[in-house]
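Hi everyone, thanks for coming. Let's take a few minutes to look at a model together, starting with its pockets and then turning to its sheet.

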Amino acid sequence: MRWLALLLLASPAMADPVGITPDVMSVTVQTPSGPVEIAREQDNAAVIEGDFAQIARPCPNFCIQPMVPAPGVTPIGELELLAFLQDPEAVVIDGRIRPEFEAGTIPGAVSVPYTEAADRLGELGCEPDFEGWICEGTHPKVALFCNGPWCGQSPKAARRMIEAGYPAELIHYYRGGMQMWRMLGLTVVPGT
């Protein structure tokens, strides 16, 4: 009997399944590289490590961001972001700088660094104009994210997109970003 207790102590903490919701264990999203299954880490003893475990960074630069970065923008959480990733008419945008995207991102996200967001509205169907963009008609809804609640990159991207002409009501903001995504143990892939 003692050997059984030692065996249980030595094995990974995988006693209880870790779902996304009580009824959903994983979600499969289509990416340019093919389908990717998003699930949560199944090791019940897993902890967040690395840069995303750091919780005290100087403000400014790392000030807590508002839930709504600009009037008309809709804040969303992880479940809504998963729905965006499954919607072929929606675009999930990683607003971080390219090296951060390449180091690890949410499956299905596209890289549009916040410094380029206002200049790339043509990719969302807007037409160039002398003073910005004309974004009339039908355009995709977008979800922006960056490193976490203290990251100002995607809020800046949202404000720049609106100033350039993209409709605020089509912009959604996942404030939790990579820090919350990683804290929940959700799948991360290298950005390509």
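By a pocket I mean, on a 1 Å grid over the protein atoms alone, an open set of points where a 1.4 Å probe fits, with protein on both sides within 12 Å along at least five of seven lines; lining residues have an atom within 4 Å of a point. Keep in mind that this is a predicted model, where local features need pLDDT of at least 70, side-chain atom pairs count only at pLDDT 80 or more, and totals for chains, interfaces and linings use all residues. Residues are numbered from 1 along each chain as its sequence is written, and side-chain values use heavy atoms, without hydrogens and water.

So, which residues lie nearest the centre of the largest pocket? They are Phe-62, Asn-147, Trp-150, Cys-151 and Gln-153, out of 19 that line the pocket. Two elements, α3 (98–103) and α4 (153–164), each give two or more residues to that lining, and α4 gives the most, with three. Helices here are DSSP runs of H or I with at least four residues, and strands are runs of E with at least two, numbered from the N terminus.

Now the sheet. Five strands form an open, parallel sheet in the order β3-β9-β8-β4-β5, where pairing takes at least two DSSP bridges between two strands. At the edges are β3 (74–75) and β5 (110–111), each paired on one side only. Strand β4 (residues 91–94) is joined to β5 by two bridges, and Asp-94 stands opposite Ser-111 in β5.
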